[in-house]
Amino acid sequence: QVQLEESGGGLVQPGGSLRLSCVISGTIFTIYAMGWYRQAPGKERDLVAAISQGGNTKYVDSVKGRFTISRDNAKSTVYLQMNSLRPEDTAVYYCSRMRTIQGDALDARGQGTLVTVSS
């Protein structure tokens, strides 16, 4: 059974930083691309950033230059470093496996981790 466990969210002031982590178990991590998604209240879940099996990355325009996705294959973990956070980044953040960084999420929403950007 595949399990994804997101962590690292919290309350941060505008301009602050957070680092999200997602640990995957029950599968072979290295065969998948990985994505971070977010869902704000009343909105759809949208892709924020993705990283391929080989380390190529993709970002939505609104986070380019502020967010960095990375992966540690030895730890079966994908990270999202978020800098210069804005109130509009407030959402529940989820990770998911992907077949490629151009593809869709393979995993349903899990618990997620809540990021709140507010003064």
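Modeller: Let's start with a term: the radius of gyration is taken over C-alpha atoms, and the globule rule is 2.2 Å times the number of residues to the power 0.38. Keep in mind that this is a predicted model.

Biologist: What radius of gyration does the protein chain have, and why does it agree with a compact globule?

Modeller: The chain has 119 residues, and a compact globule with that many would have a radius of gyration near 14 Å. The value for the protein chain agrees with this, as it is 13 Å.

Biologist: Nice! Which elements make up the protein chain, and how many are there?

Modeller: Going from the N terminus, each element in the run is a β. The chain has zero helices, and its strands number 10.

Biologist: Which cysteines does the disulfide join?

Modeller: A disulfide is a covalent bond between the sulfur atoms of two cysteines. The structure holds one. With an S to S distance of 1.8 Å, it joins cysteine 22 to cysteine 95.

Biologist: How many residues apart in sequence are the parts that this pair ties together?

Modeller: Let's place the two ends of the disulfide between cysteine 22 and cysteine 95. Cysteine 22 lies in strand β3 (residues 18–25) and cysteine 95 in strand β9 (residues 91–98), so the parts tied together are 73 residues apart in sequence.

Biologist: Is cysteine 95 buried or exposed?

Modeller: Buried means under 20% relative accessible area. Cysteine 22, its partner in the disulfide, is buried at 0%. Cysteine 95 has a relative accessibility of 2%, so it counts as buried.

Note on methods: Residues numbered from 1 in each chain as written. Predicted model: local features only at pLDDT ≥ 70, side-chain atom pairs only at ≥ 80, totals over all residues. Heavy atoms only, no water. Helix = DSSP H or I, 4+ residues; strand = E, 2+ residues; numbered from the N terminus. Disulfide = S-S within 2.5 Å. Buried < 20%, exposed > 50% of the residue type's maximum accessible area, 1.4 Å probe, protein only.
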